[in-house]
Amino acid sequence: MLQKRTVLTNRRDEMIDVTREVKTFIKEKEINNGMVIVYCPHTTAGITVNENADPDVKHDMLMRLDEVYPWEHPKYQHAEGNSASHLKASTVGTQQTLIIEDGELVLGTWQGIYFCEFDGPRHRAMYIKGIKEA
């Protein structure tokens, strides 16, 4: 049960809430109990779970990542010039595994799933894999 989705990003650094897409996948695939894996196959983007109620959280996360990993640094050696995006993606990670119980995604009250772009804008792929409980 694997589905590929396209994510269109608009800025170099961006967090896109994909929670609704994952919930729709769970309903479409009729997964009552099990797990869902949300995976990003890119080296300059990632997947995270964090607050989705206050947009300032996304701003603050992207701001701090940019401070820790500035776009330009005199010691970067990567020829493409996007070392910061690789570092940010490695810090965030490529996937999240989430629990499904009684047909619902188990998330905290304020949590959402985000596709994190660090080298945009681009057309990106995101994979969702459902695993039904036996």
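**Figure 1. The whole chain, with three helices and eight strands.** This is a predicted model. Start at the N terminus and the elements come in the order β-β-α-β-β-α-α-β-β-β-β. The C-alpha trace covers about 55 × 30 × 25 Å along its principal axes. For 134 residues, a compact globule would have a radius of gyration near 14 Å, and the 16 Å found for the protein agrees with that. Of the contacts with a separation of 6 or more, 83% are between residues 24 or more positions apart.

**Figure 2. Surface and charge across the protein.** About 7,700 Å² of the protein is exposed, and carbon and sulfur atoms supply 49% of that area. Buried residues account for 42% of the 134 residues. As for charge, there are 16 positive and 20 negative ones, and their mean positions sit 5 Å apart.

**Figure 3. Asp13, a buried acidic residue in the loop between strand 1 and strand 2.** The loop in this view runs between strand 1 (2-8) and strand 2 (14-17). Asp13 has a relative accessible area of 15%, and since buried means under 20%, Asp13 is counted as buried. Which side chains does the side chain of Asp13 meet in polar contacts? One is the side chain of Arg12, at 3.5 Å. Another is the side chain of Lys88, at 3.1 Å. Skip the neighbours within four places in sequence, and Asp13 is in contact with Leu62, Asp66, Lys88, Glu117 and Phe118. So Lys88 turns up in that contact list as well as in a polar contact with Asp13, which makes the pair a handy place to begin looking at this view.

**Figure 4. Gly93, in the loop between helix 3 and strand 5.** Here the loop links helix 3 (83-92) to strand 5 (95-101). Is Gly93 buried or exposed? Its relative accessibility is 19%, so Gly93 counts as buried, the cut-off being under 20%. Leaving out the neighbours within four places in sequence, the contacts of Gly93 are with Gly46 and Ile47. Now look back along the chain to Glu80, 13 residues away from Gly93: the C-alpha atoms of the two are separated by 21 Å.

**Figure 5. A cis peptide bond between Gly120 and Pro121.** Omega for this bond is about -5 degrees. Where does Pro121 sit? It is in the loop that separates strand 7 (111-117) from strand 8 (123-132).

**Figure 6. Glu30, a residue other than glycine with a positive phi.** Phi of Glu30 is near 55 degrees. Glu30 belongs to the loop between helix 1 (19-28) and strand 3 (34-39). With a relative accessibility of 63%, Glu30 counts as exposed, since that label applies over 50%.

**Figure 7. Asp102, another residue other than glycine with a positive phi.** For Asp102, phi is near 55 degrees. The loop holding Asp102 lies between strand 5 and strand 6 (104-105). Asp102 has a relative accessible area of 57%, so this residue is exposed too.

Definitions and conventions: Residues numbered from 1 in each chain as written. Predicted model: local features only at pLDDT ≥ 70, side-chain atom pairs only at ≥ 80, totals over all residues. Heavy atoms only, no water. Helix = DSSP H or I, 4+ residues; strand = E, 2+ residues; numbered from the N terminus. Rg over C-alpha atoms; globule rule 2.2 N^0.38 Å. Buried < 20%, exposed > 50% of the residue type's maximum accessible area, 1.4 Å probe, protein only. Contact = heavy atoms within 4.5 Å. Areas by Shrake-Rupley, 256 points an atom, 1.4 Å probe, with all protein chains shown as cover. Lys, Arg positive; Asp, Glu negative; His and termini not counted. Charge placed at Lys NZ, Arg CZ, Asp CG, Glu CD. Polar contact = N/O pair within 3.5 Å; in protein donor to acceptor, adjacent residues only side chain to side chain.
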